[in-house]
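I opened this notebook to keep track of what I looked up, one topic per entry. The structure goes in before the notes begin.

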Amino acid sequence: MVNIVQVFNTLKSMANEDQSGFITPSSFSDYAPVAQMNIYNEIMDNSDEAKKSHRASISSKRGTSNYNKSKTKQAFFLVKKEMTTSTNGLIPVPNDFSFFSSAFISNSFAATSGDGQVGAPVHMMYDDPNERYRSSRPYSLTSSKEEGSLDYNAFFDSSDRIVIKNAAGVASQKGVTLNYYRVPGSIVKGEQSPLQPSLGVKYLPGNTERIESFESRHFDLPSSQFSEVVAEMAKLVGIQIEESMIYQYGQAEDSQPEKKNFD
């Protein structure tokens with residue numbers, strides 16, 4: 001996680017509070033979810049650029065490569081959930097669902113896939129083909145000992161559910177291992193929460209405020225993203241308080257390219 005109080009105090013120091021004042025904890029908390037989603041989207045979108053440099057052998061093949069760092073950040077949000085379809089092949093979309101990663105039919109006759117999963121792969125088609133369910137068959141599974149095919153297709157219906165049927169268009173009750181990327185929430189007292197990040201404030205006599213880290217909802221992001229959170233909040237807060245120095249800091253940090261590693 002990224003400690004929201006540390007981010008707040010860092011920006012207070014940058015703003016030189018005694019001279020120019022600072023944004024209120026309430027306003028700061030209003031911007032926190034926006035900053036978090038901006039960084040989350042950057043983490044998810046960075047994979048394509050990382051793959052290009054990886055394939056071109058620009059980055060190191062070790063754990064410090066851009067590709068590996070990108071996948072490590074994304075893995076922070078990866079969720080594995082065991083579910084069971086209804087008799088007509090439906091499973092609900094999890095409340096924290098963001099992006100589909102992979103899915104497998106549990107306990108089915110199939111070879112072990114490349115990532116160690118055992119079961120028939122489910123190919124996400126994203127929308128109803130409105131015709132016979134056709135498999136894209138990227139795994140080239142040819143055995144047909146179960147319901148005519150080992151390949152399964154899935155798509156989203158109009159009611160926040162995922163429909164899973166085999167390549168022949170047949171649905172039945174099945175166990176499903178669903179791997180997906182979740183949306184970020186917050187970390188509260190060491191536990192993940194679906195609530196968005198915000199500062200915890202205790203009101204003292206004299207109408208003074210004290211920021212409480214233990215009561216705060218911290219950023220649900222990898223701890224390595226601290227400087228990115230500060231930069232993103234600096235852009236948003238700098239506009240609010242009309243403090244050009246803070247805004248320019250955020251812009252400068254955001255425009256800095258990530259250093260590449262060469263063999």
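**Entry 1. Overall make-up**

How many helices and strands does the secondary structure of the protein come to? I found six helices and 11 strands. I note here that the model is a predicted one. The protein has 263 residues, and 43% of them count as buried. I also looked up the contacts with a separation of 6 or more; residues 24 or more positions apart account for 66% of these.

**Entry 2. The nonpolar cores**

I went to the largest nonpolar core next, which holds 28 residues. Which of its residues touch the most other members? They are Val7, Leu11, Phe28, Phe219, Val229 and Met233. Three helices each supply at least two residues of this core: helix 1 (4-15), helix 3 (25-55) and helix 5 (226-240). Apart from this core lies another one, of 18 residues. Its members include Val93, Phe97, Ile105 and Tyr152. I copied a general remark beside this: in soluble globular proteins, nonpolar side chains tend to be buried together.

I then picked Val7 and listed its contacts, leaving aside neighbours within four places in sequence. Val7 is in contact with Val2, Phe28, Phe219, Phe226, Val229, Val230 and Met233.

**Entry 3. The open sheet**

In what order do the four strands of the open sheet run? I read the order as 9-8-11-10, with antiparallel pairing. The edge strands are strand 9 (191-193) and strand 10 (198-204), and each pairs on one side only. From one strand to the next, the twist averages 45 degrees.

I checked two of the pairings. Strand 8 (residues 186-188) pairs with strand 11 (residues 208-219) in the antiparallel sense, over two bridges. On this side I noted Ser186, whose bridge partner in strand 11 is Phe219. Phe219 had already come up in Entry 2, among the core residues that touch the most other members. Strand 10 and strand 11 are also antiparallel, and six bridges join them. Here Leu204 has Thr208 of strand 11 as its bridge partner.

The hairpin of strand 10 and strand 11 has three residues between the strands. Within this hairpin, Gly206 takes a positive phi near 85 degrees. I found a positive phi at Lys189 too, near 55 degrees, and this residue is not a glycine. Lys189 sits in the loop between strand 8 and strand 9. Its relative accessible area is 47%, so I entered Lys189 as partly exposed.

Last for this entry, I looked at what lies across the strands. Helix 1 lies across strand 10 and strand 11. Helix 1 runs at about 130 degrees to strand 11.

**Entry 4. Salt bridges**

How many salt bridges does a search of the whole structure find? The search finds five. As a general point, side chains of opposite charge can pair when their charged atoms come close. I wrote up three of the pairs.

The first pair I took is Arg161 with Asp157, where the closest N and O atoms are 2.8 Å apart. Arg161 has a relative accessible area of 32%, so it counts as partly exposed.

The next pair is Asp220 with Arg182, at 2.5 Å from N to O. This pair links distant parts of the chain, 38 residues apart. Asp220 is in the loop between strand 11 and helix 5, while Arg182 is in strand 7 (residues 175-182). Are these two residues buried or exposed? Both Asp220 and Arg182 are buried.

The last pair I wrote up is Glu232 with Lys235, with 3.4 Å between the closest N and O atoms. The two are three residues apart in helix 5, which means that about one helical turn separates them. Glu232 has 6% relative accessibility, so it counts as buried. Lys235 counts as buried as well, at 14%.

**Entry 5. One face of helix 4**

Which residues of helix 4 (residues 66-75) are buried? I listed Asn66, Ser70, Lys73 and Gln74. Why do the buried residues line one face of the helix? Seen down the axis of helix 4, they line one face because they fall within an arc of 100 degrees.

Key. Residues are numbered from 1 along each chain as its sequence is written. This is a predicted model: local features need pLDDT of at least 70, side-chain atom pairs count only at pLDDT 80 or more; totals for chains, interfaces and linings use all residues. Side-chain values use heavy atoms; hydrogens and water are left out. A nonpolar core is a set of buried Ala, Val, Leu, Ile, Met, Phe, Trp, Tyr and Cys residues joined through side-chain atoms within 4.5 Å. Buried means under 20% relative accessible area, exposed over 50%, partly exposed in between (1.4 Å probe, protein chains only). Contact means heavy atoms within 4.5 Å. Two strands pair if DSSP finds at least two bridges between them. Axes are lines fitted to C-alpha atoms, for helices over the stretch in contact, and angles run from 0 to 180 degrees between N-to-C directions. A salt bridge is a side-chain nitrogen of Lys or Arg within 4 Å of a carboxyl oxygen of Asp or Glu. The arc is that of the directions from the helix axis to the C-beta atoms.
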